[in-house]
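Thanks for asking me to look through this one with you. Below are my notes as numbered points, so you can follow along with the structure open beside you.

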Amino acid sequence: MMMLKNATRMAAAGKAQASAPVRMAAGSKLASASALTKVGAQRASRFFSVTGRRATVSVSAAAATPVLDLPGTASSNGAGHRIMIVGGDGYCGWATALHLSQRGYDVCIVDNLARRKYDLDLGLDTLTPIATIHDRVRKWGEVSGKHIHLEIGDICDWEFFEEVFRRFNPTSVVHFGEQRSAPYSMIDRQRAVYTQHNNVIGTINVLYAIKDINPDCHLVKLGTMGEYGTPNIDIEEGYITITHNGRTDTLPYPKQGGSFYHLSKVHDSHNIHFAARAWKIACTDLNQGVVYGVRTDETMADPMLINRYDYDGIFGTALNRFVVQAAVGHPLTVYGKGGQTRGYLDIRDTVRCIQLAIDNPCAKGEMRVMNQFTEQFSVNQLAEMVTKEGAKLGLKVETRSVPNPRVELEEHYYNAKNSKLEALGLKPHLMEDSMMDSLLQFAMQYKDRCRMELIKPAVDWKAPGIKVNTMRAAASKN
């Protein structure tokens with residue numbers, strides 16, 4: 001690999017922008033970061049696959065006088081912390097990157113743009129129009145005066161990731177960089193294998209990077225509440241104390257993943273638990289509930305910083321789908337009996353939880369598990385809330401039960417513990433207070449971008465086969 005440099009300086013309206021060097025595999029043509037910005041996600045994903053996914057892009061744009069002035073965001077508490085965010089172009093990752101950058105953390109995004117490629121492959125799109133990652137990072141520099149490092153590449157490519165990790169030398173790694181959709185993992189054999197390989201191997205590479213390069217680095221890994229399943233007992237935060245035949249021990253809580261995606265997260269948890277014990281590294285596993293919302297202070301600072309809003313049957317959550325269905329006049333599609341109950345949290349709480357985990361690291365040799373959600377709701381309760389809030393906007397919302405494409409209990413006991421993050425200082429946003437400003441107003445604003453054929457269930461848990469199902473995966477046949 002060789003270093004290729006091409007710096008361009010421009011001055012406009014008193015603002016300075018700099019396109020830093022772009023490093024690519026030997027034999028690649030000279031390119032500036034500003035030129036790469038114009039490349040569409042599809043072309044970019046093809047390019048990086050051809051070059052072995054080894055590309056480094058550093059994009060910065062510092063405003064002479066930053067215009068972003070957010071209340072309660074003192075920028076001193078993150079000083080000295082280098083935070084690598086794997087998957088920083090995704091829904092949770094992007095909001096987290098801006099949240100931490102605004103508060104003084106030195107942030108590096110590592111992403112292979114896979115999430116954008118899933119949409120291209122399946123014919124999906126976010127309801128909210130999002131800019132390229134290069135434009136996003138550049139715009140953030142303009143409005144905040146803060147720099148975010150950007151590394152384009154795949155953490156499953158060890159040669160790429162080792163180099164990036166060694167160069168940035170993070171004090172904490174926040175790992176969002178996984179295929180995160182249960183329906184996607186159930187489309188066909190190809191995507192089940194991809195999900196397991198991408199998620200498990202990527203996490204192992206992160207663990208080895210910490211072990212061999214910076215053993216003091218703290219791993220903050222995004223797990224999922226779906227690892228637990230729906231047991232007929234209370235769900236503890238990662239561990240359970242059991243007395244059996246007169247002997248007592250505290251063990252990892254039993255896992256019952258409901259898809260190949262959820263099972264990949266279970267494998268991650270086991271691998272992290274082992275690595276923490278064997279290599280004496282500090283690991284925090286955040287078992288996150290269903291995240292909702294578009295709004296954070298940082299993502300609303302400029303239209304080019306807006307976050308994605310997935311509403312389709314593959315990446316869209318039940319709540320996201322319900323809100324869009326209400327906005328466009330489509331009946332809310334409740335899977336089965338609608339008693340499926342899960343934990344939920346606002347995206348504003350997600351970014352705060354990540355910061356709390358970083359600021360309060362666990363001990364070396366420990367795998368700390370915290371359940372990251374703020375409220376529990378059944379699918380029927382979500383439908384009732386959307387109906388109620390929609391009525392305030394003059395929307396007539398109807399609900400329809402449809403056959404459940406998943407293999408899951410539709411009526412069950414569910415009581416999960418979630419005290420650890422609140423003990424660290426989390427002050428939750430409640431869904432009933434956030435529904436209008438965090439979801440419905442965006443659905444109404446962008447409803448003309450909605451494609452009706454994408455909001456019905458299209459992936460059947462019992463139907464995936466060995467044949468690649470790309471063309472029929474996203475759109476319902478009903």
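1. Let's start with Leu 113. Is Leu 113 buried or exposed? Its relative accessible area is 4%, and because the cut-off for buried is under 20%, Leu 113 counts as buried. Leu 113 sits in the loop between β5 (106-111) and α4 (114-122). Its backbone deserves a look too: Leu 113 has a positive phi of about 65 degrees, although it is not a glycine. Please bear in mind here and below that this is a predicted model.

2. A second loop residue belongs beside that one. Lys 280 lies in the loop between α9 (260-279) and β11 (282-288), and Lys 280 also has a positive phi, about 55 degrees, without being a glycine. As background, most residues other than glycine have a negative phi.

3. Now for the overall picture. The protein chain holds 15 helices and 17 strands. Of its 478 residues, 55% are buried. Among the contacts with a separation of 6 or more, 81% join residues that are 24 or more positions apart.

4. Helix α11 is a good place to see burial at work. This helix covers residues 347-359, and its 13 residues reach 19 Å from the first C-alpha to the last, close to the 18 Å expected at 1.5 Å a residue. How many of the 13 residues of α11 are buried? Eleven are, and the helix is mostly covered. The buried set includes Ile 347, Val 351, Ile 354 and Ile 358, but also Arg 348, Asp 349 and Gln 355.

5. Within α11, I would pick out Val 351. Its relative accessible area is 2%, so Val 351 is buried. Apart from neighbours within four places in sequence, Val 351 is in contact with Ala 95, Thr 96 and His 99. Leu 98 belongs to this picture as well: Val 351 and Leu 98 are 253 residues apart in sequence, yet their C-alpha atoms are 9.2 Å apart in space.

6. Ser 434 offers another case of partners from elsewhere in the chain. Ser 434 is part of helix α14 (residues 431-445). With a relative accessibility of 3%, Ser 434 counts as buried. Which residues is Ser 434 in contact with, leaving aside its neighbours within four places in sequence? They are Tyr 292, Asp 346, Arg 348, His 429 and Leu 439. One of these, Arg 348, is among the buried residues of α11. The C-alpha atoms of Ser 434 and Gly 293 are separated by 8.1 Å, although the two residues are 141 apart along the chain.

7. Helix α14 also meets helix α12. The axes of α12 and α14 come within 11 Å and cross at roughly 65 degrees, and the two helices are therefore roughly perpendicular to each other. Their crossing is right-handed. On the α12 side the residues are Leu 382, Met 385, Val 386, Lys 388, Glu 389 and Gly 390, and on the α14 side they are Met 431, Glu 432, Met 435, Met 436 and Leu 440. By class, this contact has seven nonpolar, one polar and three charged residues.

8. Helix α12 (residues 379-392) has a further partner in helix α10 (residues 318-328): their axes come within 10 Å and cross at roughly 30 degrees. These two helices are therefore roughly parallel to each other, and their crossing is right-handed. The contact is made by Leu 319, Phe 322, Val 323 and Ala 326 of α10, together with Val 379, Leu 382, Ala 383 and Val 386 of α12. What classes make up this contact of α10 with α12? There are eight nonpolar residues, with no polar and no charged ones. Note that Leu 382 and Val 386 of α12 appear here and also in the contact with α14.

9. One last helix pair to check is α6 (residues 158-168) with α8 (residues 189-213), which pack at an angle of about 45 degrees with their axes 10 Å apart. That angle makes α6 oblique to α8, and the crossing is right-handed. From α6 come Trp 158, Phe 161, Glu 162, Phe 165 and Arg 166, while α8 supplies Asn 205, Val 206, Tyr 208, Ala 209, Ile 210 and Ile 213. This contact divides into eight nonpolar, one polar and two charged residues.

Notes. Residues are numbered from 1 along each chain as its sequence is written. This is a predicted model: local features need pLDDT of at least 70, side-chain atom pairs count only at pLDDT 80 or more; totals for chains, interfaces and linings use all residues. Side-chain values use heavy atoms; hydrogens and water are left out. Axes are lines fitted to C-alpha atoms, for helices over the stretch in contact, and angles run from 0 to 180 degrees between N-to-C directions. Helices (H or I, at least four residues) and strands (E, at least two) are DSSP runs, numbered from the N terminus. Angles under 35 degrees count as roughly parallel, over 145 as roughly antiparallel, 65 to 115 as roughly perpendicular and the rest as oblique. A crossing is left-handed if the near helix is turned anticlockwise from the far one by less than a right angle, and right-handed if clockwise. Contact means heavy atoms within 4.5 Å. Ala, Val, Leu, Ile, Met, Phe, Trp, Tyr, Cys and Pro count as nonpolar, Asp, Glu, Lys and Arg as charged, and the others, Gly among them, as polar. The expected span of a helix is 1.5 Å times one less than its number of residues. Buried means under 20% relative accessible area, exposed over 50%, partly exposed in between (1.4 Å probe, protein chains only).
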